[in-house]
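I am opening a notebook on this structure and will write down what I looked up, entry by entry. I begin with the place where the chains meet and then turn to the aromatic rings.

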Protein chains: 2
Amino acid sequence: MDERIHEHAKTLVDWSARIEAGDDVVLSVSEGAHDLAVAVAEEVGARDANVLTLYDSDEVDRAHTRAHGGEFDEDPEFERALYENADSVLRLGGGRNTTASADVPSEKRQAKRRSRSGIREARMDTDWVSTVHPTRSLAQQAGMSYEAYQEFVYEAVLRDWEELADEMAKMKELLDAGSEVRLVKEDTDLTMSIEGRTAVNSAASVAYDSHNLPSGEVFTAPYATEGEVFFDVPMTINSQRVRNVHLTFEDGEVVDFSAEQNESVIADVLDTDEGAKRLGELGIGMNRGIDQFTDSILFDEKMGDTVHLAVGRAYGSNFPPGHEDEANDSAVHVDMITDVSEDSRMEVDGEVVQRNGTFRWEDGFEG
Amino acid sequence: MDERIHEHAKTLVDWSARIEAGDDVVLSVSEGAHDLAVAVAEEVGARDANVLTLYDSDEVDRAHTRAHGGEFDEDPEFERALYENADSVLRLGGGRNTTASADVPSEKRQAKRRSRSGIREARMDTDWVSTVHPTRSLAQQAGMSYEAYQEFVYEAVLRDWEELADEMAKMKELLDAGSEVRLVKEDTDLTMSIEGRTAVNSAASVAYDSHNLPSGEVFTAPYATEGEVFFDVPMTINSQRVRNVHLTFEDGEVVDFSAEQNESVIADVLDTDEGAKRLGELGIGMNRGIDQFTDSILFDEKMGDTVHLAVGRAYGSNFPPGHEDEANDSAVHVDMITDVSEDSRMEVDGEVVQRNGTFRWEDGFEG
């Protein structure tokens, strides 16, 4: 087995999920993630922890969902009981066809999702971590050869996370001390309040309230947004390619929008509910191991020289303890990314903290 | 998809497991059983039942078991909770390498098995059914081409189960009325008490207390075993080929044993615990759709003209209601088969019920 798969498994089990002896670990394995599952099971076993392995097959799920009448039982007890008794859930993505569920009617897909909110909550109450095993299907989505895609994934995953966490702590400190963020670039001049919010140093570990491997971003939950913002990184939203989105905010809400491709997707998203018109996240990509866009939000939003904003649901981890329910509520959380490598700046309370992608503590920073 | 896979799935879901709307169905999928899993998920969905899919990977299990220190936690709660809340467990066998776990030390394998008796009980308290998807690995184990093996499997699985159930009822009647079974052939003269036991007409359906698809046997739980028995059908136990096993019983327990190949495997099995030295099952193969040995116990033991005995755990279904806990208890249940097509007879209370493979109600029976 490729030694990098073992390294990936060790990083997941030790750094990300902090598995300890006696932990009850659910391992959820996508169709193409078998090799990583074997390596992870070995690491979990070596820590004298227990494992139960789920088969997270898009084709099995598609077959069940399509054949079902559509009146889905609310949170089937056997599955909720599994997660309620689990300590960790390790989700190994990596399917064999990113469009395997393209012909599941969206009403049925949504009905199934809605019926499982208790199961989802129980799963998210564990020390869960999502990662991805490189597959040919994902390489194809990224427009890359398989070998190059493997290198890309391991470059992003196998980092010195402790060092990156230390660097990201500087950004968290700036955001925690600040009241207002301003982002300026082409067709963009946006101000957001972050007063009273707590930034998350998302260092790919449950010890940092971070549940993605790779991660490498600092994010917070902005509000009272004013101005305009332009997202020049193409992305796939609800299976459709969207390009060059422009949003205008007044009083914290989107009041105007446009997109050069599939504008109706953005219209649908903003129309979901009241919370979908407000921001749920401001994230600053700081993983310089990610050096190209691969049409996967797990990687794209963590890339250095990018900033992303999400409309919709905010994370409770950005609020002081006891205030998690003040987070913006919505059925959606849609991330959109803007390239800040050139002709851009981000200010906190009027002070420039990043210019043309370079942070204030880095060499070459021009305040 | 091969239409026979859909037929297999329908037989499993309707005839075998009797899945109904709202049932919580655990689908356990071996590495090579993906296609059958998709077909079964479709049938489960069409009945408006819920599904949770497990990945029953030999390689994942091997990696975890080998790496583990060996002090396995007793019945990890998350897994027990899953089965305790499930209605049905459908196990789809069919791996990619029947010797995938050959290098797991047997002490560790046994320790893990022993630590999971509560989980096993919870699983067996559901309407569980085990079946097999034909894979190239199983074809190889059987010494057959893939196409011929597929035909073999579907010939065994896609039967008129109702008709076979009617024929097997005759054997059940004989055993239920009898007190002692005697088996006589080359190197074999074994008597077993069956007084107070209930024979199971194993017609591949939970409605018949039968949990294998294919099935086609009548089995009971013998005790007070005396004498010797010779198993001339080769089989694979714990990934190792075992031939010509000979067991000697006194007072219901194995007191001597030999085998012409891999005798140590038998030693390990008998050494697992106290119950491993006693019989857990006497089974009479009656599925004439199975016409050759394929080195798979699921099929071999159901073949017409064979009788099998298992050391280890007995099934509660062979006991009157309320007496299930009198069943022989063990972490193992290892079946061994003897060919009764020639020079053999089976008696119930001194009366011959099968001679040279022919049952007393069949043409050509020579009492």
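**Entry: between the chains**

I looked for salt bridges between chain A and chain B, and the count is zero. I keep in mind that this is a predicted model. I then looked up polar contacts between chain A and chain B, and there the count is 15 residue pairs, with both residues at pLDDT 80 or more.

Next I asked which elements of chain A give two or more residues to the side that touches chain B, and I noted strand 1 (24-30), helix 2 (34-46), strand 2 (50-56), helix 3 (58-67) and helix 4 (77-84). Helix 2 of chain A provides the largest share of that side, with eight residues.

For contacts in general, I found 40 residues of chain A in contact with 40 residues of chain B. I also looked up the area, since the size of an interface is often given as the accessible area lost when the parts come together. Chain A and chain B bury about 3,400 Å² between them, and 66% of this is on carbon and sulfur atoms. Of the area that chain A buries against chain B, 22% is supplied by His34(A), Tyr55(A) and Phe78(A), which is more than any other three residues supply.

**Entry: aromatic pairs**

I searched the whole structure for aromatic pairs and found eleven over all chains. One of them joins Phe359(A) and Trp361(A), whose ring centres are 4.9 Å apart; their planes are at 5 degrees, and because planes under 30 degrees apart count as stacked, I entered the pair as stacked. Phe359(A) is buried, at a relative accessible area of 1%, whereas Trp361(A) is partly exposed, at 24%.

I then turned to Phe152(B) and Phe299(B), whose ring centres are 5.3 Å apart and whose planes are at 45 degrees, so I entered this pair as tilted. The pair links distant parts of the chain, for Phe152(B) is in helix 8 (residues 146-157) of chain B and Phe299(B) is in helix 11 (residues 297-300) of chain B, 147 residues apart. Phe152(B) is buried, with a relative accessible area of 5%, and Phe299(B) also counts as buried, at 0% relative accessibility.

In chain A, I noted a cluster in which ring pairs link Tyr149(A), Phe152(A) and Phe299(A).

**Entry: arginines over rings**

Lastly, I looked for charges over ring faces, and I found Arg18(A) over the face of Trp15(A), at 4.6 Å from the ring centre. In chain B, Arg123(B) lies over the face of Tyr83(B), at 6.0 Å from the ring centre.

Definitions and conventions: Residues numbered from 1 in each chain as written. Chains lettered and ligands numbered in written order. Predicted model: local features only at pLDDT ≥ 70, side-chain atom pairs only at ≥ 80, totals over all residues. Heavy atoms only, no water. Phe/Tyr/Trp six-rings, centres within 6.5 Å; stacked < 30°, edge-to-face > 60°. Buried < 20%, exposed > 50% of the residue type's maximum accessible area, 1.4 Å probe, protein only. Helix = DSSP H or I, 4+ residues; strand = E, 2+ residues; numbered from the N terminus. Lys NZ or Arg CZ within 6 Å of the ring centre and 35° of its normal. Contact = heavy atoms within 4.5 Å. Buried area = accessible area lost by both parts, 1.4 Å probe. Salt bridge = Lys/Arg side-chain N within 4 Å of Asp/Glu carboxyl O. Polar contact = N/O pair within 3.5 Å; in protein donor to acceptor, adjacent residues only side chain to side chain.
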